[in-house]
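Dear colleague,

I am handing over the structure we spoke about, and it follows directly below. Please look through it first, and then read the notes underneath, which go from single rings to helix packing.

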Amino acid sequence: MAENFEKLQCWQACSELKLFIKENILISLPASEKFDLHSQLLRASRSATANIAEGWGRFHYKENIKFLLNARGSVAEILDHTIEAKSCNYISDEILLEIRGQVDRCSQLINGYIRYLRNKNETR
């Protein structure tokens with residue numbers, strides 16, 4: 001187990017995704033989306049890392065897994081919001097493609113951590 005949540009690969013990947021969103025998507029959204037798409041994307045990206053951190057801080061592995069599932073849901077929400085941004089022509093095909101790759105990586109790492117926690121505790 002990592003000494004803190006910042007060492008978790010899934011947290012690191014979600015943090016990179018959050019930064020990519022801030023630097024490449026949020027700045028390109030029109031002012032009319034400030035309280036809608038902008039806010040939803042920002043909250044979902046923050047939620048992914050926050051849920052991983054909160055789960056890491058829980059005592060029981062089942063609680064940790066519950067928060068990891070929430071993080072995985074937030075990552076899926078990010079993809080949905082970026083698909084919406086693309087359909088409104090706020091972002092390019094290239095940006096959406098990059099997001100898809102990062103979302104896949106985040107989801108795979110979260111799933112791997114969930115498997116690790118389940119397997120580790122089944123062998124006890």
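**Aromatic rings**

Phenylalanine 5 has a relative accessibility of 27% and therefore counts as partly exposed, whereas tryptophan 11, with a relative accessible area of 16%, is buried. Please keep in mind throughout that this is a predicted model.

These two residues belong together in another respect, since the structure holds three aromatic pairs, and phenylalanine 5 and tryptophan 11 form one that is edge-to-face, with 5.5 Å centre to centre and 70° between the planes. The angle is what decides the label here, because planes over 60 degrees apart count as edge-to-face. Phe5 and Trp11 are also joined with Trp56 in one aromatic cluster.

A stacked pair is formed by tyrosine 113 and tyrosine 116, whose rings lie 6.2 Å centre to centre with 15° between the planes. Both tyrosines sit in helix 4 (residues 93–122), and because they are three residues apart there, about one helical turn separates them. Their surroundings can be described separately: tyrosine 113 counts as buried at 9% relative accessibility, while tyrosine 116, with a relative accessible area of 36%, is partly exposed.

**Nonpolar core**

Which residues touch the most other members of the largest nonpolar core? Among the 36 residues of that core, they are Ile21, Ile25, Ile52, Ile78, Ile99 and Ile110. Helix 1 (9–24), helix 2, helix 3 and helix 4 each contribute at least two residues to this core, and helix 4 provides the largest share, namely 10 residues. As general background, nonpolar side chains in soluble globular proteins tend to be buried together.

**Packing of helix 2 and helix 3**

Helix 2 (residues 37–56) packs against helix 3 (residues 61–87) at an angle of about 160°, and their axes are 8 Å apart. Because angles over 145 degrees count as roughly antiparallel, helix 2 and helix 3 are described as roughly antiparallel to each other. The crossing in which helix 2 passes helix 3 is left-handed. As for the composition of this contact between helix 2 and helix 3, its residues divide into 12 nonpolar, 10 polar and three charged.

With best regards

Notes. Residues are numbered from 1 along each chain as its sequence is written. This is a predicted model: local features need pLDDT of at least 70, side-chain atom pairs count only at pLDDT 80 or more; totals for chains, interfaces and linings use all residues. Side-chain values use heavy atoms; hydrogens and water are left out. Axes are lines fitted to C-alpha atoms, for helices over the stretch in contact, and angles run from 0 to 180 degrees between N-to-C directions. Helices (H or I, at least four residues) and strands (E, at least two) are DSSP runs, numbered from the N terminus. Angles under 35 degrees count as roughly parallel, over 145 as roughly antiparallel, 65 to 115 as roughly perpendicular and the rest as oblique. A crossing is left-handed if the near helix is turned anticlockwise from the far one by less than a right angle, and right-handed if clockwise. Ala, Val, Leu, Ile, Met, Phe, Trp, Tyr, Cys and Pro count as nonpolar, Asp, Glu, Lys and Arg as charged, and the others, Gly among them, as polar. Rings of Phe, Tyr and Trp (its six-membered ring) pair if their centres lie within 6.5 Å; planes under 30 degrees apart count as stacked, over 60 as edge-to-face and the rest as tilted. Buried means under 20% relative accessible area, exposed over 50%, partly exposed in between (1.4 Å probe, protein chains only). A nonpolar core is a set of buried Ala, Val, Leu, Ile, Met, Phe, Trp, Tyr and Cys residues joined through side-chain atoms within 4.5 Å.
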